[in-house]
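Got your viewer open? Let's take a walk through this one together, one selection at a time.

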Amino acid sequence: MRQLFKDVSRLKDVICEENRPLAPMTTMKVGGDARLFVRPLSLSGLEGLLALLHGVQVPYRVLGNGSNLIVDDGGVDLVISLCSLRDMQLEQQGSLYVEAGCTLSSILGFCIENGLEGLEPLTGIPGSLGGALFMNAGANGVSLGDFVDEICVTTGQGSTWLKVSHDFFSYRSSNTPEGALISAARLKVNVDSHDEWTTGVPSDGSCLKRATPRKVHERIKRIMRKRLSSQPLGRPSAGCVFKNPSVDCLAWRLIVECGLQGFKMNRAQVSPKHANFIVNLGDAKASDVIGLIDFVKERVWEQTGVMLKEEVVIWENETEH
Ligand SMILES: Cc1cc2nc3c(=O)[nH]c(=O)nc-3n(C[C@H](O)[C@H](O)[C@H](O)COP(=O)(O)OP(=O)(O)OC[C@H]3O[C@@H](n4cnc5c(N)ncnc54)[C@H](O)[C@@H]3O)c2cc1C
């Protein structure tokens with residue numbers, strides 16, 4: 001690790017730190033340090049970094065906004081953060097170019113400023129573009145993947161633009177190639193079309209369209225109010241812990257039926273407000289959260305015969321395995 005730190009520190013456009021605490025960089029606020037924490041400042045910095053790591057065959061993990069992530073108390077070895085890749089611009093050919101580190105809220109802010117509607121259902125998802133594409137984040141019947149024309153993936157061999165096929169994204173998942181980072185994407189924009197504001201026809205949700213900034217802003221505020229009333233946003237969490245087994249079988253309902261709403265394991269609790277959230281009551285450890293996840297899974301399996309699958313990503317400590 002020491003030698004790698006020296007090699008990475010020499011790269012252009014890359015910031016490298018040792019023993020960086022990860023808990024403050026996740027919304028769950030648990031977990032240990034990254035023994036090496038690397039932040040490329042540009043796409044070419046990222047390409048240089050991945051080329052070096054490929055050469056020495058060192059595995060790495062990618063951090064977005066840390067909003068779907070539980071980091072082990074023992075920490076992890078090498079983390080790459082794309083939070084500095086934040087370029088965003090409307091392109092001539094009718095697309096919105098967005099880099100991986102842009103947050104969904106900054107993209108929504110851009111949409112308000114530029115009068116573009118379509119993404120409002122995703123209001124309140126606290127992810128970055130990269131993480132939200134990797135997870136195919138969605139809400140209110142709309143997923144980010146629906147809007148994507150192509151993604152730029154970066155590996156040790158460089159960056160490539162991939163046209164997104166119909167089966168690239170699925171429910172809270174994507175076919176991002178193994179070991180590749182999503183460094184940017186192009187979202188579809190149809191500047192000639194208008195939403196129901198002018199046409200009376202509801203939008204099909206698959207591309208960004210013209211709308212008045214005021215209308216986009218009003219929708220965003222309405223959706224945020226709904227979220228505030230139904231989710232425990234005052235406590236640290238990683239959003240929904242489990243995927244819904246099917247459209248008719250919702251994870252939160254199974255958890256409520258098993259009498260687990262409000263159940264605590266040390267300082268982690270199944271939220272009394274939304275049973276598919278686990279909240280950190282203050283100084284929870286990752287082991288409290290992971291222990292509670294396992295307990296909920298086991299109980300739901302025993303009582304209903306349904307095996308829940310995690311939506312959250314858990315970063316286990318490599319050195320323990
Ligand atoms: C209060 C709250 C509400 C939420 N509501 C929703 C919701 O309504 N709908 C929903 O879908 N999710 C929701 N989430 C979960 C979360 O916000 C989303 O999954 C989000 O898209 C994760 O993005 P991130 O940047 O935070 O990713 P991270 O949590 O940092 O990472 C998640 C995974 O993506 C990988 N990853 C990150 N960036 C990249 C990249 N550039 N290239 C390749 N892989 C990458 C990571 O390695 C990790 O495996 C919520 C979370 C919270 C805390």
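Is Val189 buried or exposed? Select it and have a look: with a relative accessibility of 9%, Val189 counts as buried, since the cut-off for that label is under 20%. Keep in mind as you go that you're looking at a predicted model.

**Stop 1: around Val189**

Val189 belongs to strand E15, which covers residues 181-194. Now show what touches Val189. Leaving out residues up to four places away in sequence, you should find Leu90, Gly94, Ser95, Leu96, Leu116, Cys207 and Leu208. Pick Cys207 from that group: Cys207 is 18 residues from Val189 along the chain, yet their C-alpha atoms are separated by 5.3 Å.

**Stop 2: the whole chain**

Zoom out and colour by domain. The domain assignment gives domain 1 as 2-81, domain 2 as 88-230 and domain 3 as 237-320. Between the C-alpha centres of domain 1 and domain 2 there are 26 Å. Where these two meet, domain 1 puts in 13 residues and domain 2 puts in 14 residues.

**Stop 3: the sheet with E1 and E3 at its edges**

Select residues 14-21, which are strand E1. How many strands form the open sheet that holds E1? There are 4, in the order E1-E2-E5-E3, and the pairing is mixed. Strand E1 and strand E3 (61-63) are at the edges with a single partner strand each, so each has one side without a neighbour in the sheet. From one strand to the next, the twist averages 30°.

Next, add strand E2, residues 33-40. E1 and E2 pair in the antiparallel sense, over 7 bridges. For one of the bridge partners, click Glu17 and then Phe37 in E2. While you're at Phe37, show Arg20 as well: the charged end of Arg20 sits over the ring of Phe37, 4.9 Å from the ring's centre.

Now bring in the helices. Helix H1 (residues 2-9) lies across E1, E2 and strand E5 (76-81), and runs at about 145° to E1. Helix H2 (residues 43-56) also packs on the sheet, touching E1, E2 and E5, and its direction makes about 155° with that of E5.

**Stop 4: aromatic rings**

How many aromatic pairs does the structure hold? The count is 3. For one of them, select Tyr97 and Trp161: their rings are 6.2 Å apart centre to centre, with 50° between the planes, and the pair is tilted. These two come from distant parts of the chain, 64 residues apart, with Tyr97 in strand E7 (residues 95-99) and Trp161 in strand E12 (residues 158-163). Try a surface view here: Tyr97 counts as buried at 11% relative accessibility, whereas Trp161 counts as partly exposed at 32%.

Then jump to Phe168 and Phe169. Why is this pair called edge-to-face? The ring planes stand at 80°, and planes over 60 degrees apart get that label. The ring centres of Phe168 and Phe169 are 4.9 Å apart. Phe168 is buried, at 9% relative accessible area, and Phe169 counts as buried too, at 12%.

**Stop 5: back to Trp161, then on to Glu150**

Return to Trp161 and show Arg186. The charged end of Arg186 sits over the ring of Trp161, 4.2 Å from its centre.

Now click Glu150, in strand E11 (residues 148-155). Which residues are in contact with Glu150, leaving aside its neighbours within four places in sequence? They are Trp161, Leu162, Lys163, Val164, Ala185 and Arg186. Glu150 itself is buried, with a relative accessible area of 15%.

**Stop 6: the sheet with E17 and E18 at its edges**

For the last stop, select strand E17 (237-240) and strand E18 (264-265). They belong to an open sheet of 4 strands in the order E17-E20-E19-E18, with antiparallel pairing. E17 and E18 stand at the edges and have a single partner strand each, so one side of each lacks a neighbour in the sheet.

Add strand E19 (residues 268-270) and strand E20 (residues 277-280), which run antiparallel and are joined by 3 bridges. Ala268 is the residue to click here, standing opposite Asn280 in E20. Finish with helix H8, residues 286-304: this helix packs on the sheet, touching E18, E19 and E20, and its direction makes about 30° with that of E19.

Key. Residues are numbered from 1 along each chain as its sequence is written. This is a predicted model: local features need pLDDT of at least 70, side-chain atom pairs count only at pLDDT 80 or more; totals for chains, interfaces and linings use all residues. Side-chain values use heavy atoms; hydrogens and water are left out. Two strands pair if DSSP finds at least two bridges between them. Axes are lines fitted to C-alpha atoms, for helices over the stretch in contact, and angles run from 0 to 180 degrees between N-to-C directions. Contact means heavy atoms within 4.5 Å. Rings of Phe, Tyr and Trp (its six-membered ring) pair if their centres lie within 6.5 Å; planes under 30 degrees apart count as stacked, over 60 as edge-to-face and the rest as tilted. Buried means under 20% relative accessible area, exposed over 50%, partly exposed in between (1.4 Å probe, protein chains only). A charge sits over a ring if NZ of Lys or CZ of Arg is within 6 Å of the ring centre and within 35 degrees of the ring normal. Domain bounds come from an automatic or database domain assignment.
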